[in-house]
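This report covers charged side chains, their pairing and one loop residue. The structure is shown below.

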Amino acid sequence: MSKDFLADEDPVKLQEFEDRIERGEKIEPVDWMPKLYRKQLIRMIEQHAHSEIIGSLPEGTWITRAPGFKRKLALMAKVQDEVGHAQLLYSAAETLGKSREQMIVDLINGKSKYSNIFNYPAYTWADSCFISWLVDAGAIVNQVANSRGSYGPYCRALERICVEEAFHLKYGHHCVIHMATGTDIQKKMMQEAINRWWKPMLMFFGPPDKISAHTETLMKWKVKMLSNDDTRQQFLGMYVPKIWELDLTIPDEKLRKNDDGKWEYTEPDWEEFKRVINGDGPCNAERLAVRRTAEERGRWVREALNRPKATYVTPLA
Ligand code: BYC
(Lines give C-alpha, C1' and ligand atoms only; values in the text may rest on other atoms or scores of the structure.)
Protein backbone atom coordinates (compact mmCIF):
# COMPACT_ATOMS: atom_id res chain seq x y z
CA MET A 1 0.00 0.00 0.00
CA SER A 2 2.74 2.45 0.96
CA LYS A 3 4.50 1.83 -2.41
CA ASP A 4 1.39 3.00 -4.35
CA PHE A 5 1.14 6.08 -2.15
CA LEU A 6 4.79 6.93 -2.80
CA ALA A 7 4.65 6.45 -6.57
CA ASP A 8 3.94 10.12 -7.33
CA GLU A 9 6.52 11.53 -4.88
CA ASP A 10 9.69 13.20 -6.18
CA PRO A 11 12.27 10.40 -5.75
CA VAL A 12 15.12 12.82 -4.99
CA LYS A 13 13.17 14.62 -2.26
CA LEU A 14 11.99 11.31 -0.88
CA GLN A 15 15.55 10.03 -0.67
CA GLU A 16 16.73 13.24 1.07
CA PHE A 17 13.83 12.96 3.51
CA GLU A 18 14.63 9.34 4.33
CA ASP A 19 18.34 10.15 4.69
CA ARG A 20 17.52 12.88 7.20
CA ILE A 21 15.42 10.44 9.21
CA GLU A 22 18.17 7.85 9.01
CA ARG A 23 20.64 10.42 10.44
CA GLY A 24 18.24 11.02 13.36
CA GLU A 25 17.24 14.56 12.32
CA LYS A 26 13.84 15.90 13.27
CA ILE A 27 11.33 16.75 10.54
CA GLU A 28 9.61 20.10 11.19
CA PRO A 29 6.25 21.39 9.85
CA VAL A 30 7.89 23.62 7.20
CA ASP A 31 10.02 20.77 5.81
CA TRP A 32 9.18 18.71 2.76
CA MET A 33 7.54 15.39 3.64
CA PRO A 34 5.80 12.65 1.64
CA LYS A 35 2.00 12.85 1.63
CA LEU A 36 1.80 9.44 3.29
CA TYR A 37 4.02 10.56 6.21
CA ARG A 38 1.74 13.57 6.75
CA LYS A 39 -1.42 11.45 6.49
CA GLN A 40 -0.14 8.76 8.87
CA LEU A 41 1.04 11.32 11.42
CA ILE A 42 -2.29 13.14 11.38
CA ARG A 43 -4.09 9.81 11.88
CA MET A 44 -1.89 8.71 14.75
CA ILE A 45 -1.52 12.03 16.61
CA GLU A 46 -5.23 12.77 16.22
CA GLN A 47 -6.16 9.34 17.60
CA HIS A 48 -3.75 9.92 20.45
CA ALA A 49 -5.32 13.32 21.24
CA HIS A 50 -8.82 11.83 21.20
CA SER A 51 -7.63 9.04 23.51
CA GLU A 52 -6.46 11.57 26.07
CA ILE A 53 -9.82 13.37 26.02
CA ILE A 54 -11.96 10.22 26.05
CA GLY A 55 -9.56 8.57 28.52
CA SER A 56 -10.28 11.26 31.05
CA LEU A 57 -13.97 10.23 31.13
CA PRO A 58 -13.88 6.88 33.00
CA GLU A 59 -11.48 8.35 35.58
CA GLY A 60 -13.32 11.66 35.65
CA THR A 61 -16.49 9.99 36.91
CA TRP A 62 -14.54 8.97 40.03
CA ILE A 63 -13.52 12.49 41.07
CA THR A 64 -16.71 13.07 43.03
CA ARG A 65 -16.53 9.59 44.55
CA ALA A 66 -12.81 9.40 45.32
CA PRO A 67 -12.11 7.97 48.78
CA GLY A 68 -10.84 10.99 50.66
CA PHE A 69 -9.74 14.55 50.02
CA LYS A 70 -6.13 13.77 48.99
CA ARG A 71 -7.19 11.16 46.43
CA LYS A 72 -9.78 13.60 45.08
CA LEU A 73 -7.19 16.36 44.67
CA ALA A 74 -4.69 14.08 42.97
CA LEU A 75 -7.26 12.54 40.62
CA MET A 76 -8.59 15.97 39.70
CA ALA A 77 -5.06 17.12 38.83
CA LYS A 78 -4.44 13.95 36.81
CA VAL A 79 -7.64 14.29 34.78
CA GLN A 80 -6.81 17.93 34.13
CA ASP A 81 -3.37 16.87 32.90
CA GLU A 82 -4.89 14.33 30.48
CA VAL A 83 -7.08 17.01 28.93
CA GLY A 84 -3.99 19.23 28.69
CA HIS A 85 -2.19 16.41 26.85
CA ALA A 86 -5.00 16.40 24.30
CA GLN A 87 -4.47 20.14 23.77
CA LEU A 88 -0.75 19.61 23.12
CA LEU A 89 -1.47 16.76 20.74
CA TYR A 90 -4.22 18.59 18.82
CA SER A 91 -1.73 21.45 18.35
CA ALA A 92 0.91 19.01 17.07
CA ALA A 93 -1.60 17.51 14.61
CA GLU A 94 -2.67 20.99 13.48
CA THR A 95 0.91 21.68 12.33
CA LEU A 96 0.26 19.07 9.64
CA GLY A 97 -2.72 20.93 8.21
CA LYS A 98 -5.86 19.47 9.81
CA SER A 99 -7.92 21.90 11.87
CA ARG A 100 -8.86 21.17 15.45
CA GLU A 101 -12.54 21.75 14.66
CA GLN A 102 -12.39 19.07 11.96
CA MET A 103 -10.69 16.65 14.34
CA ILE A 104 -13.44 17.15 16.93
CA VAL A 105 -16.14 16.72 14.28
CA ASP A 106 -14.49 13.47 13.13
CA LEU A 107 -14.34 12.23 16.71
CA ILE A 108 -17.97 12.86 17.57
CA ASN A 109 -19.19 11.49 14.24
CA GLY A 110 -17.31 8.26 14.93
CA LYS A 111 -14.96 8.69 11.96
CA SER A 112 -11.74 8.88 13.98
CA LYS A 113 -10.60 6.17 16.33
CA TYR A 114 -9.36 6.46 19.91
CA SER A 115 -7.88 3.91 22.27
CA ASN A 116 -9.89 0.69 22.68
CA ILE A 117 -9.42 0.62 26.44
CA PHE A 118 -11.57 3.64 27.24
CA ASN A 119 -14.67 1.92 25.91
CA TYR A 120 -14.88 -0.26 28.99
CA PRO A 121 -16.71 0.81 32.16
CA ALA A 122 -14.98 1.85 35.39
CA TYR A 123 -17.41 0.20 37.83
CA THR A 124 -15.45 0.68 41.04
CA TRP A 125 -12.72 2.85 42.53
CA ALA A 126 -10.33 -0.06 41.85
CA ASP A 127 -10.98 0.33 38.11
CA SER A 128 -9.86 3.93 38.38
CA CYS A 129 -6.72 2.74 40.24
CA PHE A 130 -6.01 0.24 37.43
CA ILE A 131 -6.24 2.99 34.81
CA SER A 132 -4.04 5.40 36.75
CA TRP A 133 -1.31 2.86 37.27
CA LEU A 134 -1.34 0.34 34.46
CA VAL A 135 -2.97 2.14 31.53
CA ASP A 136 -0.67 5.08 32.20
CA ALA A 137 2.25 2.66 32.46
CA GLY A 138 1.40 1.22 29.05
CA ALA A 139 1.09 4.72 27.62
CA ILE A 140 4.50 5.69 29.02
CA VAL A 141 6.27 2.70 27.45
CA ASN A 142 4.82 3.73 24.07
CA GLN A 143 5.42 7.45 24.50
CA VAL A 144 8.97 7.35 25.86
CA ALA A 145 9.97 5.32 22.80
CA ASN A 146 8.11 7.51 20.31
CA SER A 147 9.39 10.77 21.84
CA ARG A 148 12.70 9.82 20.17
CA GLY A 149 10.97 9.65 16.80
CA SER A 150 11.22 11.80 13.70
CA TYR A 151 8.46 14.42 13.78
CA GLY A 152 9.57 17.38 15.92
CA PRO A 153 6.21 18.70 17.20
CA TYR A 154 4.95 15.21 18.16
CA CYS A 155 8.22 14.31 19.91
CA ARG A 156 8.27 17.55 21.90
CA ALA A 157 4.63 17.06 22.95
CA LEU A 158 5.42 13.48 24.01
CA GLU A 159 8.43 14.53 26.07
CA ARG A 160 6.31 16.93 28.06
CA ILE A 161 3.47 14.43 28.40
CA CYS A 162 5.85 11.75 29.72
CA VAL A 163 7.03 14.00 32.55
CA GLU A 164 3.44 14.44 33.74
CA GLU A 165 2.63 10.77 33.18
CA ALA A 166 5.46 9.85 35.51
CA PHE A 167 3.52 11.57 38.31
CA HIS A 168 0.32 9.75 37.29
CA LEU A 169 2.15 6.46 37.44
CA LYS A 170 3.35 7.08 41.01
CA TYR A 171 -0.11 8.17 42.06
CA GLY A 172 -1.70 5.10 40.43
CA HIS A 173 0.85 2.73 41.94
CA HIS A 174 0.23 4.23 45.37
CA CYS A 175 -3.53 3.71 44.94
CA VAL A 176 -3.08 0.07 43.90
CA ILE A 177 -0.65 -0.68 46.75
CA HIS A 178 -3.17 0.79 49.18
CA MET A 179 -5.94 -1.42 47.82
CA ALA A 180 -3.81 -4.57 47.58
CA THR A 181 -2.53 -4.25 51.12
CA GLY A 182 -5.81 -3.03 52.62
CA THR A 183 -8.82 -4.96 53.87
CA ASP A 184 -9.93 -8.23 52.26
CA ILE A 185 -12.69 -6.33 50.48
CA GLN A 186 -10.25 -3.75 49.08
CA LYS A 187 -7.90 -6.47 47.86
CA LYS A 188 -10.81 -8.34 46.27
CA MET A 189 -11.96 -5.15 44.51
CA MET A 190 -8.46 -4.63 43.11
CA GLN A 191 -8.21 -8.23 41.93
CA GLU A 192 -11.59 -7.97 40.19
CA ALA A 193 -10.50 -4.79 38.44
CA ILE A 194 -7.35 -6.52 37.15
CA ASN A 195 -9.47 -9.43 35.93
CA ARG A 196 -11.78 -7.02 34.08
CA TRP A 197 -9.08 -4.87 32.48
CA TRP A 198 -6.33 -7.35 31.63
CA LYS A 199 -7.48 -8.29 28.11
CA PRO A 200 -8.28 -4.71 27.01
CA MET A 201 -4.85 -3.77 28.43
CA LEU A 202 -3.08 -6.32 26.21
CA MET A 203 -5.06 -4.98 23.24
CA PHE A 204 -4.05 -1.39 24.09
CA PHE A 205 -0.68 -1.89 22.35
CA GLY A 206 -2.37 -2.67 19.04
CA PRO A 207 -2.79 -5.87 17.01
CA PRO A 208 0.06 -8.39 16.72
CA ASP A 209 2.85 -7.20 14.39
CA LYS A 210 2.03 -9.81 11.79
CA ILE A 211 -1.40 -8.25 11.19
CA SER A 212 -0.59 -4.60 12.03
CA ALA A 213 -1.41 -2.46 8.99
CA HIS A 214 0.84 0.53 9.65
CA THR A 215 3.80 -0.64 11.75
CA GLU A 216 6.21 -1.33 8.91
CA THR A 217 5.82 2.10 7.28
CA LEU A 218 5.74 3.97 10.58
CA MET A 219 8.84 2.25 11.91
CA LYS A 220 10.72 2.88 8.68
CA TRP A 221 10.02 6.60 9.10
CA LYS A 222 10.66 6.52 12.87
CA VAL A 223 7.18 7.62 13.85
CA LYS A 224 6.85 4.39 15.80
CA MET A 225 10.10 3.41 17.50
CA LEU A 226 8.86 0.07 18.82
CA SER A 227 6.51 -2.42 17.19
CA ASN A 228 3.20 -3.29 18.88
CA ASP A 229 4.55 -6.66 20.07
CA ASP A 230 7.78 -5.14 21.40
CA THR A 231 5.88 -2.47 23.34
CA ARG A 232 3.58 -5.13 24.79
CA GLN A 233 6.59 -7.27 25.77
CA GLN A 234 8.29 -4.30 27.43
CA PHE A 235 5.14 -3.54 29.43
CA LEU A 236 4.80 -7.17 30.56
CA GLY A 237 8.46 -7.27 31.60
CA MET A 238 8.19 -4.12 33.67
CA TYR A 239 4.77 -4.52 35.28
CA VAL A 240 3.83 -8.21 35.64
CA PRO A 241 6.48 -8.71 38.38
CA LYS A 242 5.18 -5.58 40.16
CA ILE A 243 1.60 -6.90 40.07
CA TRP A 244 2.70 -10.31 41.38
CA GLU A 245 4.77 -8.59 44.08
CA LEU A 246 1.51 -7.23 45.51
CA ASP A 247 0.14 -10.77 45.76
CA LEU A 248 -2.36 -10.02 43.00
CA THR A 249 -2.89 -12.45 40.15
CA ILE A 250 -3.28 -12.02 36.41
CA PRO A 251 -6.17 -13.86 34.75
CA ASP A 252 -4.03 -15.81 32.29
CA GLU A 253 -2.76 -19.29 33.16
CA LYS A 254 -0.37 -19.25 30.22
CA LEU A 255 1.40 -16.08 31.31
CA ARG A 256 5.09 -16.69 31.98
CA LYS A 257 8.54 -15.52 31.00
CA ASN A 258 10.32 -18.00 28.77
CA ASP A 259 14.04 -18.76 28.85
CA ASP A 260 14.60 -16.47 25.85
CA GLY A 261 13.27 -13.55 27.94
CA LYS A 262 9.99 -13.29 25.98
CA TRP A 263 6.65 -13.34 27.76
CA GLU A 264 4.15 -15.95 26.70
CA TYR A 265 0.48 -15.05 27.10
CA THR A 266 -2.97 -15.96 25.85
CA GLU A 267 -3.86 -13.79 22.88
CA PRO A 268 -6.83 -11.55 23.66
CA ASP A 269 -9.88 -11.80 21.42
CA TRP A 270 -8.82 -9.70 18.41
CA GLU A 271 -12.35 -9.89 16.98
CA GLU A 272 -13.60 -8.12 20.11
CA PHE A 273 -10.83 -5.55 19.62
CA LYS A 274 -12.01 -4.85 16.06
CA ARG A 275 -15.60 -4.46 17.21
CA VAL A 276 -14.62 -2.10 20.03
CA ILE A 277 -12.37 0.18 17.95
CA ASN A 278 -15.03 0.34 15.26
CA GLY A 279 -17.69 1.70 17.60
CA ASP A 280 -19.29 -1.40 19.11
CA GLY A 281 -17.81 -1.64 22.60
CA PRO A 282 -19.62 -1.49 25.95
CA CYS A 283 -19.25 2.30 26.34
CA ASN A 284 -18.58 3.75 22.84
CA ALA A 285 -22.01 5.34 22.49
CA GLU A 286 -21.88 6.82 25.99
CA ARG A 287 -18.36 8.23 25.54
CA LEU A 288 -19.20 9.93 22.25
CA ALA A 289 -22.49 11.25 23.61
CA VAL A 290 -20.57 13.04 26.39
CA ARG A 291 -18.20 14.61 23.85
CA ARG A 292 -21.10 15.60 21.60
CA THR A 293 -22.78 17.39 24.49
CA ALA A 294 -19.51 19.14 25.39
CA GLU A 295 -19.09 20.24 21.77
CA GLU A 296 -22.63 21.63 21.62
CA ARG A 297 -22.44 23.43 24.96
CA GLY A 298 -19.01 24.91 24.28
CA ARG A 299 -19.70 26.00 20.71
CA TRP A 300 -20.69 29.55 21.66
CA VAL A 301 -17.40 30.04 23.47
CA ARG A 302 -15.35 28.90 20.47
CA GLU A 303 -17.43 31.03 18.12
CA ALA A 304 -16.94 34.07 20.34
CA LEU A 305 -13.18 33.48 20.50
CA ASN A 306 -12.95 33.07 16.74
CA ARG A 307 -14.97 36.20 15.91
CA PRO A 308 -12.53 38.43 14.03
CA LYS A 309 -14.14 41.75 14.98
CA ALA A 310 -15.20 40.97 18.51
CA THR A 311 -16.14 44.01 20.60
CA TYR A 312 -15.54 43.90 24.28
CA VAL A 313 -17.70 45.68 26.82
CA THR A 314 -15.87 47.34 29.70
CA PRO A 315 -17.38 46.20 32.99
CA LEU A 316 -19.21 48.98 34.87
CA ALA A 317 -17.47 48.17 38.12
N1 BYC B 1 -7.14 1.39 20.15
O2 BYC B 1 -1.57 -0.86 12.18
P3 BYC B 1 -1.86 -0.72 13.63
C4 BYC B 1 -3.75 7.38 27.78
C5 BYC B 1 -6.08 0.67 15.20
S6 BYC B 1 -4.03 7.99 26.20
C7 BYC B 1 -7.83 1.79 19.05
O8 BYC B 1 -1.04 -1.51 14.56
P9 BYC B 1 -0.67 1.77 14.46
C10 BYC B 1 -4.56 7.86 28.91
C11 BYC B 1 -5.19 1.56 14.38
O12 BYC B 1 -5.52 2.91 14.60
C13 BYC B 1 -2.69 7.36 25.25
N14 BYC B 1 -7.42 1.55 17.79
O15 BYC B 1 -1.88 0.84 14.05
C16 BYC B 1 -5.45 8.91 28.76
C17 BYC B 1 -5.47 1.07 12.98
O18 BYC B 1 -6.74 1.56 12.54
P19 BYC B 1 -6.88 2.65 11.32
C20 BYC B 1 -3.09 6.39 24.17
C21 BYC B 1 -6.24 0.91 17.65
O22 BYC B 1 -1.14 3.16 14.42
C23 BYC B 1 -6.27 9.30 29.80
C24 BYC B 1 -5.66 -0.41 13.19
O25 BYC B 1 -6.03 -0.60 14.54
N26 BYC B 1 -1.91 6.12 23.40
O27 BYC B 1 -2.92 6.56 27.92
O28 BYC B 1 0.55 1.41 13.67
C29 BYC B 1 -6.22 8.62 31.02
C30 BYC B 1 -4.41 -1.21 12.87
O31 BYC B 1 -3.40 -1.08 13.89
C32 BYC B 1 -5.47 0.50 18.74
C33 BYC B 1 -1.82 6.40 22.07
O34 BYC B 1 -2.76 6.83 21.46
C35 BYC B 1 -5.96 0.74 20.04
N36 BYC B 1 -5.32 0.36 21.16
O37 BYC B 1 -0.34 1.36 15.99
C38 BYC B 1 -5.31 7.58 31.19
C39 BYC B 1 -0.48 6.19 21.43
N40 BYC B 1 -4.38 -0.12 18.28
O41 BYC B 1 -6.39 3.97 11.87
C42 BYC B 1 -4.48 7.19 30.14
C43 BYC B 1 -0.39 6.66 20.00
C44 BYC B 1 -4.46 -0.10 16.95
O45 BYC B 1 -6.05 2.14 10.19
N46 BYC B 1 -0.72 5.63 19.07
N47 BYC B 1 -5.58 0.50 16.56
O48 BYC B 1 -8.36 2.66 11.02
C49 BYC B 1 0.11 4.63 18.72
O50 BYC B 1 1.22 4.52 19.26
C51 BYC B 1 -0.31 3.69 17.64
O52 BYC B 1 -1.36 4.27 16.90
C53 BYC B 1 -0.77 2.30 18.18
C54 BYC B 1 -1.31 1.46 16.99
C55 BYC B 1 0.42 1.55 18.80
C56 BYC B 1 -1.88 2.42 19.22
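Lys 187 is partly exposed, with a relative accessibility of 25%; here buried means under 20% relative accessible area, exposed over 50%, and partly exposed in between (1.4 Å probe, protein chains only). The accessible areas come from the Shrake-Rupley method with a 1.4 Å probe, and for residues only the protein chains shown count as cover. This is a predicted model, in which local features need pLDDT of at least 70 and side-chain atom pairs count only at pLDDT 80 or more, while totals for chains, interfaces and linings use all residues. Residues are numbered from 1 along each chain as its sequence is written, and side-chain values use heavy atoms, with hydrogens and water left out.

Lys 187 forms a salt bridge with Asp 247, a salt bridge being a side-chain nitrogen of Lys or Arg within 4 Å of a carboxyl oxygen of Asp or Glu. Asp 247 lies in the loop between helix 10 (228-245) and strand 1 (256-257), whereas Lys 187 belongs to helix 8 (residues 184-203), so the pair ties together parts that are 60 residues apart in sequence. Helices (H or I, at least four residues) and strands (E, at least two) are DSSP runs, numbered from the N terminus. Asp 247 is exposed, at 54% relative accessibility.

By this rule the count comes to 23 salt bridges. Among them are the following.

| Salt bridge | Closest N and O atoms |
|---|---|
| Asp 247 and Lys 187 | 2.8 Å |
| Arg 20 and Glu 25 | 2.8 Å |
| Glu 286 and Arg 287 | 3.7 Å |

Glu 286 is partly exposed at 48% relative accessibility, whereas its partner Arg 287 is buried at 5%. Elsewhere, Arg 20, Arg 23, Glu 25 and Asp 31 are joined into one network by salt bridges that share partners. Within that network, Arg 20 is partly exposed with a relative accessible area of 22%, and Glu 25 is also partly exposed, at 31%.

A patch of negative charge on the surface gathers Asp 10, Glu 16, Asp 19 and Glu 22. Patches are made of residues with over 30% relative accessible area and no salt bridge, like charges being joined within 9 Å. Asp 10 sits in the loop between helix 1 (2-6) and helix 2 (11-22) and is partly exposed, with a relative accessible area of 34%.

Phe 204 is found in the loop between helix 8 and helix 9 (215-220). Its C-alpha atom is separated by 6.8 Å from that of Ser 115, 89 residues apart along the chain. Leaving aside neighbours within four places in sequence, Phe 204 is in contact (heavy atoms within 4.5 Å) with residues including Ser 115, Val 135 and Ala 139.

How values were computed. Patch = residues over 30% accessible without salt bridge, like charges linked within 9 Å, V, L, I, M, F, W, Y side chains within 5 Å. Lys, Arg positive; Asp, Glu negative; His and termini not counted. Charge placed at Lys NZ, Arg CZ, Asp CG, Glu CD.
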